[in-house]
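Trainee: I should like to learn how the terms used for a structure are justified. May we go through one together?

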Amino acid sequence: MVYENPDGVRIGLEVHVQLNKLNTKLFCGCSTDYHDSEPNTHVCPVCLGLPGALPVINEKAVEYAMKIGLALGCDIVEQTQFHRKNYYYPDLPKGFQTTQYDFPIAGEGKVVIEGEDGERDIGITRAHMEEDPGRLQHMGSIDKSKGTLINYNRSGMTLIEIVSEPDMRSPKEARRYLDKLRSILDYLDVFNGDLEGAMRVDANVSVFMGERVEVKNISSFKGAERALLYEIMRQKNQIRRGGEITLETRHFDEARGVTLSMRTKETENDYRYFPEPDLMPMRVADRVPAVAATLPELPDAKRNRFLEEYDMTDMHAKALTSDQDIADFYEAVAQNENIDSKDAAVWVADIFKGEWNYRDLAIHGRTNDPVTPPYSWVKLSGANRKDPTITSSIGSDDLIYIIGSVNNGEISDNSGIEVIRIILDEGGSANEVIDAKGLRKVEDDIVATAVSETIAENEAAVQDYLGGAEKSLNFLVGQVMKKTKGRADARQARELLVAALKS
Amino acid sequence: MTKWLSISDVKEIIAATSAEEVTASYLELIEKSSINGYTCTSDGALDTAKMVDKGEVAGPLAGVPIAIKDNISTKGLATTCSSKILEGYVPPYDAHVIERLKAAGAVIIGKTNMDEFAMGTSTESSCYGVTLNPWDHERVPGGSSGGSAAVVAAGESPISLGSDTGGSVRCPAAFCGVVGLKPTYGAVSRYGLISYANSLEQIGPMATCVEDIAAVMDVIGGYDARDSTSIDNKIDYQAALVDDVKGLKIGVPDEYFGEGVDSSTEKAVWDAIAKYEEMGASWGKVSMPNTKYALAAYYTIAMSEASSNLARFDGTRYGPRSEGENWHVMASRTRAENFGKEVQRRILLGTYALSAGYQDKYYLKALQVRTLVKQDFEKAFANFDVLMAPTMPLPAFKIGEKVEDPLSQYLTDVNTVPMNLAGVPCISVPCGSSDGLPVGLQIIGNHFDEATLIRAAYSFEKNTDHHKARPGEVA
Amino acid sequence: MITKDEVEHVGWLCRIEINDAEAEEYAVKLSSVLDYFGQLDEVDTEGVEPTYHVADIMNVFREDVVTPSLDQKDVLTNTAEEKDGYIKAPRII
Ligand SMILES: [Mg+2]
Ligand SMILES: [Zn+2]
């Protein structure tokens with residue numbers, strides 16, 4: 001099936017990723033750990049733009065930017081530098097933003113997404129480094145406020161702005177692109193996407209190949225989808241009514257779910273970009289091999305490997321590799337010799353991941369053994385995104401125990417799911433939970449189940465026995481003994497079999 | 001206590017009396033001053049002096065007062081760039097050079113007057129009013145570090161710091177008859193220096209003798225990780241205080257003795273060169289053909305950078321704030337009402353020179369010319385150890401004489417801006433007089449060759465008496 | 001030459017309020033300076049690299065190590081208006 005794109009929608013996204021896993025800001029030593037702090041407590045002369053203060057580039061930020069560029073398949077530029085983008089806004093303490101202009105650190109690349117009609121490449125135009133402005137809080141709505149409150153704690157945080165080509169044809173594709181980007185960035189361990197403002201999106205949208213409109217101030221992925229749906233509808237309606245779409249910037253009002261026109265006098269021409277005299281150029285090309293060596297296996301590569309190494313569906317491979325921690329957790333389970341990899345995929349991707357997401361848990365820590373892959377043991381710890389005091393953790397050994405117990409009939413499928421829930425909600429190990437909750441089938445049940453399974457699975461022998469071949473009963477008893485791993489005694493098994501076959 | 005003390009004089013007096021007494025007597029002099037050289041004095045000066053006396057602070061400049069140009073950030077002490085837009089601004093941090101001075105035991109005695117945001121050659125654009133030239137109160141002290149030069153010339157501080165973007169240390173040093181050094185770009189950290197034109201400027205010392213220049217440079221010079229343009233290139237300045245110029249090759253660029261140069265000034269400089277020859281140096285002419293365009297290139301670059309550097313003064317985080325119905329109007333009004341006229345002109349011109357459609361014609365072109373000017377110096381230094389020229393084409397002009405015509409004032413910088421474009425070090429030393437006013441000899445060195453510069457300047461001083469001339473008793 | 005309209009636009013770009021009379025005056029004064037700058041046109045700069053920095057150094061970095069920030073009171077001490085630790089400014093539009 002080929003997607004026709006009936007409305008000629010073209011969407012390009014500019015995603016600002018805040019590298020909040022760095023210890024310090026882009027140009028000063030202020031801590032990036034400001035999210036729960038009082039306003040204006042994580043600022044210094046540099047990020048407050050005090051007269052006389054000078055910037056110095058955080059080397060790690062450059063390394064992270066290169067890492068992102070490489071992961072997106074971008075060319076890393078030979079030599080780059082910072083420019084000043086001159087404009088006035090109260091969140092901008094120097095009256096200019098230090099950003100990159102003609103030589104962004106990363107050039108063209110691409111991201112593969114699941115499009116409307118199968119896999120699809122979304123082109124990356126460029127990725128560049130820049131500093132985050134401070135944060136404004138309008139006292140009331142933006143147009144009728146009594147004033148603006150400014151908190152510069154965010155000022156000077158490292159941003160990577162990833163600019164895509166207008167290759168997305170629907171809000172859904174835009175959402176998939178964002179999810180994929182997030183997944184790649186998570187793998188790189190350069191940011192914590194769960195922190196407020198970690199990924200912010202500006203969207204360029206046009207319909208029927210017309211003039212594009214820039215929608216700013218989108219702060220979540222859900223918001224992106226809503227803003228795009230609204231904006232596409234607005235543009236289509238406008239055209240239907242005989243109106244025209246003009247190049248403009250609109251502001252997404254998250255609360256109302258609408259986009260509003262923002263009149264700005266400045267255009268791209270007015271920014272007066274020029275090289276930052278206070279910073280020296282950077283030659284980064286020769287650092288590429290070292291940075292490339294630190295890249296982990298990325299989602300697409302991991303997915304392909306999973307399909308090759310383990311027995312699983314493509315859907316499971318995708319689900320298991322969208323998050324690196326989950327992928328590692330899966331592998332620790334699947335590598336156990338008593339567990340079937342396909343079984344493990346169902347348990348991890350469908351059941352465990354569902355329960356984890358249902359609780360809105362963000363992975364905030366993990367332990368593993370050994371330190372480097374392949375891990376024989378992985379333990380995931382998570383906290384509820386809205387209430388971080390609610391925490392959970394579960395180890396791959398727990399899941400292995402659960403799957404094993406289900407497989408050998410000690411517990412039912414439903415009990416297995418119940419055990420996962422209890423571990424996540426109340427803690428404890430699988431073994432303890434199964435005992436404490438009395439989920440283990442009693443011995444008699446195990447034998448009884450084995451008997452009925454044996455009868456069901458060995459029709460020929462059953463018919464032989466019913467036809468008078470007493471010897472066939474011995475075979476059936478043997479099967480029951482095998483299933484129960486010798487836990488039943490032979491006399492009991494024989495009695496139960498005879499009783500069942502006679503009824 | 002006598003006026004016009006050198007650092008070693010001050011140290012002697014401290015040994016005989018106390019640092020507190022020395023500081024107190026300077027504060028008294030400043031109190032009685034009629035030249036308007038200081039914008040404020042430091043409340044902490046006496047405390048520092050007392051700490052020196054108690055032995056709690058030591059170092060090469062222990063107890064020595066120093067006056068600081070008002071564009072160098074001093075923690076807890078108002079720093080205004082002589083602009084209304086920084087009225088009441090008290091930095092919460094010290095500039096790198098201030099940290100170094102404090103660690104060396106120096107007493108920050110006060111802040112000195114300057115052209116607003118260092119934009120000028122006369123100190124007339126200060127919001128505090130002009131500083132008077134100690135030699136003739138009807139004349140300007142030069143600029144933009146006019147206060148720093150005048151207080152040293154008037155004996156109100158033994159040493160001072162200025163900043164030099166296009167001659168702002170050397171011009172007032174020449175006009176006031178003191179010694180002033182502009183170090184190689186990158187030799188002194190700019191951290192805490194309020195930027196006018198970042199790619200051009202350096203902090204530099206002023207003093208009554210070369211020895212003191214070297215002593216201050218040994219304290220403030222050297223690498224600072226907080227300034228990305230700082231260069232790790234250690235120079236031992238005081239070790240260069242050698243009275244010997246035998247074999248020194250002096251280049252004399254024709255282009256620095258152009259039409260506008262005052263004849264007495266020219267004579268004083270040639271006499272100085274003759275003196276060098278007598279002392280064992282040799283000289284030859286050198287051509288620096290792009291000098292002619294240096295001034296236009298310099299002003300284009302300086303204004304462009306300034307337009308961006310001064311964007312932060314918008315009334316939001318510091319300084320006064322005008323009324324306005326929204327933030328943009330507030331900012332526009334704050335800037336219109338609190339920047340002086342010359343600053344506004346330069347911001348407008350700089351904004352224009354960087355704007356789309358004009359950036360290549362002005363800004364980029366100026367940077368290309370800068371390359372040519374730099375190459376002139378490279379060629380000259382292939383054959384000569386130092387270059388010599390008049391610092392200023394004329395002696396101190398009358399107050400008010402050039403206020404109305406900015407261009408005529410810009411033109412006086414013709415001999416000082418090329419070095420900032422090239423980033424090379426240069427020093428102005430007194431070398432005589434013109435109409436009873438001091439004349440400065442400018443000695444220019446190659447990148448990071450301050451040692452040769454200091455040796456040349458020191459030797460001249462040891463063999464002449466020009467530096468001993470004081471206001472009212474011109475030699 | 002800079003026109004009065006250009007002066008007004010530039011005035012907006014650099015946020016300096018300029019009234020009509022001032023714009024006229026600036027157009028004249030700034031034009032004479034720009035004329036002077038125009039002599040750069042005479043110089044043949046074909047193939048000449050611009051000098052952004054006089055020092056030929058590159059890759060000046062710092063380590064990702066936290067240094068102390070300012071106290072909140074030092075951040076707020078110079079501002080015209082504050083509220084609950086925030087710097088307060090007029091509304092934007
Ligand atoms: Mg951006
Ligand atoms: Zn900071």
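Mentor: Donors are N, O and S atoms within 2.8 Å of the metal (3.2 Å for Na, K and Ca), and sites may look incomplete because water is not among the atoms. This is a predicted model, in which local features need pLDDT of at least 70 and side-chain atom pairs pLDDT 80 or more, while totals for chains, interfaces and linings use all residues. Residues are numbered from 1 along each chain, chains are lettered from A and ligands numbered from 1 as written, and side-chain values use heavy atoms, without hydrogens and water.

Trainee: What makes A:Cys28, A:Cys30, A:Cys44 and A:Cys47 donors of the zinc ion (ligand 2)?

Mentor: The SG atoms of these residues lie 2.3 to 2.4 Å from the zinc ion, and the definition asks for S atoms within 2.8 Å. Along the chain, the donors follow the spacing C-x1-C-x13-C-x2-C.

Trainee: Why is the site of the zinc ion (ligand 2) called tetrahedral?

Mentor: Four donors count as tetrahedral if all angles lie between 85 and 135 degrees. The angles among the four donor atoms are 100 to 117°, so the site is tetrahedral.

Trainee: How do you know that β17(A) and β18(A) pair?

Mentor: Strands are DSSP runs (E, at least two residues), numbered from the N terminus. Two strands pair if DSSP finds at least two bridges; eight bridges join β17(A) to β18 (residues 377–384) of chain A, so the strands pair, running antiparallel.

Trainee: Why is one side of β17 (361–369) and of β19 (391–395) of chain A left without a neighbour in the sheet?

Mentor: The open sheet has the order β17-β18-β19 (chain A). β17 and β19 stand at the edges, each with a single partner strand, so one side of each has no neighbour there.

Definitions and conventions
Helix = DSSP H or I, 4+ residues; strand = E, 2+ residues; numbered from the N terminus. Tetrahedral: all angles 85-135°; square planar, octahedral: opposite > 155°, others 65-115°.
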